[in-house]
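Here are a few short exercises to work through with the model open beside you. Try each one before you read its solution.

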Amino acid sequence: NKDTKVVSIGIQGKTLQNEKQPASNLVFLIDVSGSMSAENKLPLVKQSLKLLAEQLNENDHISIVTYAGSAGLALPPTPANKLMEIKKAIDNLESGGSTAGGEGIELAYKVAKQSLKPNGNNRIILVTDGDFNVGLQSDSEMEKLIEEKRKEGIFLTVCGFGMDNYK
């Protein structure tokens, strides 16, 4: 339409200087249950986590814990400069099974504690479509666990993928 004008606007956010950031100990806690198979779920999770991994340096470590019917360690604590190894572990993730979120979060906290970085960014990044239907389920149980671990210096970030069903 000749009467329509299109404007493109780009905004640059604040650029952080990674070398001034404290070392990170990140545990990716990834829901790989059957409900995560949609394009806007696990495939998008994989892209996002690889992009995050590219922003880290040799002082940072990444671990991957997955959960579906049970929890498992997909990648032990690995220096972030071993990017090919990290990306391969992410690419190998496949969805299927139920959602043993309680078991997954307990394993993620155990892994985070084993590789704790004093005065660092010790964080579990939980990526899910929202179901926690096997294991810890109640809000009060989850809140208690998260508060206890926060006192130990391990924090939790939750990222929802997909649409609806967030619990």
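**Exercise 1.** In this predicted model, find which residues of H1 are buried, and work out why they lie on the same side of H1.

*Solution.*
- Step 1: Look for residues under 20% relative accessible area. In H1 these include Leu42, Val45, Lys46, Leu49 and Ala53.
- Step 2: Look at their directions around the axis. They share one side of H1 because they cover an arc of only 100°.
- Step 3: Recall the general rule: an α-helix has 3.6 residues a turn, so residues three or four places apart point the same way.
- Step 4: Turn to the other side of H1, where Gln47 and Leu51 are exposed.
- Step 5: Ask what lies over the buried residues. Their cover includes the strands S1, S2 (61-67) and S4, together with helix H2 (83-91).

**Exercise 2.** How far does H1 reach from its first C-alpha to its last, and what span is expected at 1.5 Å a residue?

*Solution.*
- Step 1: Take the length of the helix, which is 13 residues.
- Step 2: Compare the two spans. H1 reaches 18 Å, close to the expected 18 Å.

**Exercise 3.** Which residue forms a salt bridge with lysine 41, and are the two partners buried or exposed?

*Solution.*
- Step 1: Search for a carboxyl oxygen within 4 Å of the lysine nitrogen. Aspartate 129 is the partner, with the closest N and O atoms 3.2 Å apart.
- Step 2: Place both partners in the chain. Lysine 41 sits in the loop between S1 (24-31) and H1 (42-54), and aspartate 129 in the loop between S4 (121-128) and H4 (139-151). The pair is 88 residues apart and links distant parts of the chain.
- Step 3: Check accessibility: lysine 41 and aspartate 129 are both buried.

**Exercise 4.** Which residues are linked with Glu152 in a network of salt bridges?

*Solution.*
- Step 1: Start with lysine 113, whose closest approach to glutamate 152 is 3.5 Å, N to O. This pair joins helix H3 (residues 101-114) to the loop between H4 and S5 (155-160), 39 residues apart.
- Step 2: Add lysine 149, which meets glutamate 152 in a salt bridge at 3.9 Å.
- Step 3: Put them together: Lys113, Lys149 and Glu152 form the network.
- Step 4: Compare accessibility. Lysine 149 counts as buried because its relative accessibility is 18%, while glutamate 152, at 33%, counts as partly exposed.

Key
Residues numbered from 1 in each chain as written. Predicted model: local features only at pLDDT ≥ 70, side-chain atom pairs only at ≥ 80, totals over all residues. Heavy atoms only, no water. Salt bridge = Lys/Arg side-chain N within 4 Å of Asp/Glu carboxyl O. Helix = DSSP H or I, 4+ residues; strand = E, 2+ residues; numbered from the N terminus. Buried < 20%, exposed > 50% of the residue type's maximum accessible area, 1.4 Å probe, protein only. Expected span 1.5 Å × (residues − 1). Arc of directions from axis to C-beta. Contact = heavy atoms within 4.5 Å.
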